[in-house]
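Thanks for asking me to look this over with you. Please have the sequence and the 3D view open as you read.

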Amino acid sequence: MKIIVDAFGGDNAPLEVIKGCERAVRELDVNIVLTGKKPEIKACAEKNGISLDGMEIVHTDDVFDIHEEPKEIIKSGKNSSMALGLSLLAEGKGDAFVSAGSTGALVMGATFIVKRIKGIKRIAPSPVMPGDKGSFTLIDAGANTECRPEMLVQFAIMGTAYMEKVMGVKKPKVALLNIGAEDTKGRDLEIEAYRLLKQSGLNFVGNLEARDLPVGDVQVVVTDGFTGNIALKLYEGMGSFFGRKLKWFFSGAGKLGALFSLGKIKTFRKQMDYKEVGGSALLGVKKPVIKAHGSSDGTAFFNAVRQAKRCVEGNVVGVIESYVAQTAAADKE
């Protein structure tokens, strides 16, 4: 399997990208294609004693600046390391693509370079979030701020396929993020989406209030990108807040108390750590595309590559295509 990786995406590129890819070659039995400035990649690897065995480098001098308008990825940024990686993926020169660069640019590039799955109206990022009873995917987490009800149904379909084939959850429960549990709650968007989801054949369990997100009793949480991004950022912020407060609390509890609690603290922090998942799958693309966190280190890049591999092995794209085809056929009956 060949995974294409943007070597210059993210805050810690190219060093942490190369570190993660070197480990992925060793442990995941994959080949890597790095896109970016070849002389810099080779110099960085040599300086830090990192083997480039199993890695091919496709050179480009350009890097897409995170401050640029996303649409520039298909204009002035078409020769950047991100755009080049997406083009290689579209041309069949790799099985999946990973980048920690601009989310907006990656969504735009995936849409217009790799293209959407037939029948899918919008590509949606779907980060996997930790919960008390297990992890769940939040979809859409920020790409589509204005949605129609049928788009939320497609998000639910894609999230279900991902949780089944990548995360190994059988018949994942689907919930609609809303301001109340009743089916009459929310805007016209949520009310109509509720009705459509109930008829969809998915394992839809109804509305979910934001306070119940951390419980983790459902595996697919569906919403529009505006609401989803607010929920995501609040969730991440509260995770960091609790981590700091736990450290502060046990720093005054004495060495013995801290020692007995250390294992639980480590488990909690690992559960809340984005690096353990690796990134967000952009669902709805014709081939797997993974958006790694902008501040990813080597561990996060390794896990992002592993996530990409699982998407390929689980045939997530094929499963989504099948779901969409079935839905379209049912609508015609």
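Below are a few numbered points, going from the whole protein to two serines.

1. A friendly reminder to begin with: this is a predicted model. The values that follow are therefore computed from predicted coordinates, with side-chain atom pairs counted only at pLDDT 80 or more.

2. On the overall fold, the protein contains ten helices and twelve strands. Of the contacts with a separation of 6 or more, 71% are between residues 24 or more positions apart.

3. How much of the protein is buried? Buried residues make up 47% of the 333 residues. The exposed surface comes to about 16,200 Å², and carbon and sulfur atoms supply 52% of that area.

4. Now to serine 296, which you will find in the loop between β12 (289-292) and α9 (298-313). Is serine 296 buried or exposed? Its relative accessibility is 0%, so serine 296 counts as buried, the cut-off for buried being under 20%.

5. What does the side chain of serine 296 have as a polar partner? One of its polar atoms lies 2.6 Å from the backbone oxygen of histidine 293.

6. The other serine to look at is serine 87, in helix α3 (residues 81-90). Serine 87 has 22% relative accessibility and therefore counts as partly exposed, since that class lies between 20% and 50%.

7. While you have serine 87 on screen, please find valine 114 as well. These two residues are 27 positions apart in sequence, and their C-alpha atoms are 6.9 Å apart in space.

Conventions
Residues numbered from 1 in each chain as written. Predicted model: local features only at pLDDT ≥ 70, side-chain atom pairs only at ≥ 80, totals over all residues. Heavy atoms only, no water. Helix = DSSP H or I, 4+ residues; strand = E, 2+ residues; numbered from the N terminus. Buried < 20%, exposed > 50% of the residue type's maximum accessible area, 1.4 Å probe, protein only. Polar contact = N/O pair within 3.5 Å; in protein donor to acceptor, adjacent residues only side chain to side chain. Contact = heavy atoms within 4.5 Å. Areas by Shrake-Rupley, 256 points an atom, 1.4 Å probe, with all protein chains shown as cover.
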